[in-house]
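Please walk through this structure with me, moving from one helix to the next, then to single buried residues, the ligand and the unusual backbone geometry.

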Amino acid sequence: MAATAIIGTQWGDEGKGKVVDLLAARADMVVRYHGGNNAGHTLVVNGEKTVLNLIPSGVLHPGKVCVLGAGMVIDPQVLVREITALRTRGYLAEDRWLRVSEQAHLIMPYHRAIDHARERLREAGAIGTTGRGIGPAYEDKMARTGIRVGDLFDEEGFTEALARNLREKNGYLEALLGEPPLAIDDILTEYRGFRDQLAPFVADTGAEVRAAVARGARVLLEGAQGALLDIDHGTYPFVTSSSCVPGAAAAGAGLPPRMLGRIIGIAKAYTTRVGGGPFPTELRDALGDRLRADGDEYGATTGRPRRCGWFDAVVVRHAVALSGLDALALTKLDVLTGIDPLRVCLAYEIDGRRVDQPPTTQHAWARATPIYEEMPGWQEDLGEARTLDELPLAARRYIDKLSALVEAPVALVSIGAGREQTIRVGELF
Ligand code: IMP
C-alpha cells in the first residue's frame, strides 16, 4: 500500500477540498505537506458551509487522522481558531485526530507585516499574495533563521531566536518598509498561549505518516495551491513560495518517494486565478463576470474576486506531465451550463509561432495568445446527474475533449458543491 497524492493542476482553487473530502471517507489519514493558510477549502456538507485553511478537509469525517506536515508554514493563531471553530461544531472530538509537525515552520507576526508592506510598495507589480506571511516565512526557513513548531516548547531557545530575529526584522520593517516595529513581549505572551493550546497535537509527524503507510493504512496527501503556482514550474514570480508538485509531496510529508503511489490531479472545467500574473485565457468581459457569479469565484481565504477564463489545456497538460498523473478529477462542470459555444485553449501563439508548452519566462508569457477550438455548449441543468450517461451529449464531448488534450483519464466529474453531486467514472482511491 502506498500513499495517494492529490494536486491542483491550474492556479489553485480547483476544488481540491471537495475531492479530498470525498476520498477522505475511505482514508485513514490525510496529510497536508506544504503551504499554509494561503490555501482555503470551502466545503458544503449537509448544506452547511465550512472553510478550512490549514486542517485537511478529512477532519469532517470523524476518526480520520489529519496531519499538518513538516513542509508547511503554520500560523498558530489561525490553527487555534480553526480547531476551536471545528470543535464548537462537534468535529475533532479527539486530540489524536490532529497531528502537527514539530518541524513545520511558524508564521510570526513579522512575516505578515513584511508580506503586507512589500505588496503595498510593489504597487502595480504586486504579486497579489494572500498577505498571510507565507513568502517571508519560507524565506526564513531557507535562510535557516526560521522558528519551528517544536521550538515553542523550548522557552529559552524560543525567546533567544525571537529576539535575534526581531532585531533584524524590526530594522527592516522600520528602515526599509516604513512600518512600526514589533514588541517582543507581546509576541512572547501570544505564542506561549498558542503553545499551550497546540501542545496535545504536536508530534514527529513524519515518523507517524511513515508508520501508517508501512502498516497498510490508507493515506491521502492533500496538495494546496496548484502546479502553475509552483515556485519552480509555475508562472514565476507570480507563484507561491512552496513547491506544489508531487515531487515535493513526499519530502513535505516525510515519506520516501517509493511510498507514493497514485497521483490524482484536480482541474476546474474552466480556469481561474487570484492575484497577479499571466493568464492567457482570461475573460475580461461579461462572460468572465458570469463565470465568477455562477461559479461563486471568490477566494475562500481572502474573499478576493477570482479572475476567470476558458479552460487552458496548455496549463493542465503541463501539470499532468510534471506530476505524472494517474487520473484527473474535473470540477465545476455545471458552471458552464448555458454558455454556447464553449472555447478550449489548445496551444499558444507566441511571436507568430504555435507552442504547446507553457513559456518559461515572463517575457514570453506576456506575448502568449491562446489558440482556441470552439465546442457546442449545453442548456440542461447537470446537478442531478450521477453517471456520465445522464449528462447531455455536449457535456460528455467536452469532458472527452479535455481528457484527450491534457493526456489524462477523467475519473471523477463534480457537478455541484454537495458531496452527492459527483459522477464517479473510475476508481480514484
Ligand atoms: P502567497 O502564497 O500568499 O505568497 O501568494 C502568492 C500567489 O499565490 C498569489 O497570486 C496568491 O493569490 C496565490 N495563491 C496562494 N495560495 C493560493 C490558493 O490556495 N489558491 C489560489 N491562489 C493561491
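Which residues are buried in helix H9 (residues 286–294)? In this predicted model, the buried residues of H9 are Gly288, Leu291 and Arg292. Viewed down the axis of H9, these buried residues fall within an arc of 100°, and therefore they line one face of the helix. The general background is that an α-helix has 3.6 residues a turn, so residues three or four places apart point the same way. On the face of H9 turned away from the buried side one finds the exposed residues Ala286 and Ala293, while strand E13 (307–309) is included in what covers the buried residues of the helix. Both ends of H9 also have local features: at its start, a side-chain oxygen of aspartate 285 reaches to within 3.1 Å of the backbone nitrogen of leucine 287, and after the helix comes aspartate 296, whose phi is positive, near 50°.

Helix H7 (residues 205–214) can be read in a similar manner. Its buried residues are Thr205, Gly206, Val209, Ala212 and Val213. Seen down the axis of H7, they fall within an arc of 130°, so that they line one face of the helix. What follows H7 is glycine 216, which has a positive phi, near 90°.

From these helices the reader may turn to single residues, beginning with lysine 16, which is found in helix H1 (residues 16–24). Is the residue buried or exposed? Lysine 16 has a relative accessible area of 4%, and because the limit for a buried residue is under 20%, lysine 16 is buried. Its side chain makes a polar contact of 2.7 Å with the side chain of glutamate 14. Beyond residues up to four places away in sequence, lysine 16 touches Ile7, Gly8, His41, Gly223, Ala224, Gln225 and Ile266.

His41 appears again around serine 57, a residue of the loop between strand E4 (48–52) and strand E5 (65–68). Serine 57 is buried, at 0% relative accessibility, and, not counting residues up to four places away in sequence, it touches Gly17, Val20, Asp21, His41, Leu43, Leu52 and Glu222.

Another buried loop residue is leucine 228, placed between strand E10 (219–222) and helix H8 (246–253) and having 1% relative accessibility. With neighbours within four places in sequence left aside, leucine 228 is in contact with Thr9, Gln10, Trp11, Gly234, Thr235, Phe238, Val239, Val315, His318 and Trp365. The C-alpha atom of leucine 228 is separated by 9.6 Å from that of proline 358, although the two residues are 130 places apart along the chain.

The loop between E10 and H8 also holds proline 237, and the peptide bond that joins tyrosine 236 to proline 237 is cis, with omega about 5°. A cis peptide bond also leads from aspartate 340 to proline 341, where omega is near 0°; proline 341 lies in the loop between strand E15 (327–331) and strand E16 (342–350). The loop between E15 and E16 contains lysine 332 as well, a residue that has a positive phi of about 60° although it is not a glycine and that counts as partly exposed, at 24% relative accessibility. Arginine 144, likewise not a glycine, has a positive phi of about 65°. It is found in the loop between helix H4 (134–143) and helix H5 (155–176), where, at 75% relative accessibility, arginine 144 counts as exposed.

The ligand remains to be described. Which of the 16 residues around the ligand come nearest? They are Asp13, Asn38, Thr130, Thr240 and Arg304, and by class the shell consists of six nonpolar, eight polar and two charged residues. A nitrogen atom of the ligand is 3.1 Å from an N or O atom in the side chain of aspartate 13, whereas a polar side-chain atom of arginine 304 lies 3.0 Å from an oxygen atom of the ligand. The backbone takes part too, since a polar backbone atom of valine 274 is 3.1 Å from an oxygen atom of the ligand. Taken alone, the ligand exposes 470 Å², of which the protein buries 97%.

Definitions and conventions
Residues are numbered from 1 along each chain as its sequence is written. This is a predicted model: local features need pLDDT of at least 70, side-chain atom pairs count only at pLDDT 80 or more; totals for chains, interfaces and linings use all residues. Side-chain values use heavy atoms; hydrogens and water are left out. A residue is near a molecule or strand if one of its heavy atoms lies within 4 Å of it. A polar contact is a pair of N or O atoms within 3.5 Å; within protein, one must be able to donate a hydrogen and the other to accept it, and residues adjacent in sequence count only if both atoms are side-chain atoms. Accessible areas come from the Shrake-Rupley method with a 1.4 Å probe; for residues, only the protein chains shown count as cover. Ala, Val, Leu, Ile, Met, Phe, Trp, Tyr, Cys and Pro count as nonpolar, Asp, Glu, Lys and Arg as charged, and the others, Gly among them, as polar. Helices (H or I, at least four residues) and strands (E, at least two) are DSSP runs, numbered from the N terminus. Buried means under 20% relative accessible area, exposed over 50%, partly exposed in between (1.4 Å probe, protein chains only). Contact means heavy atoms within 4.5 Å. The arc is that of the directions from the helix axis to the C-beta atoms.
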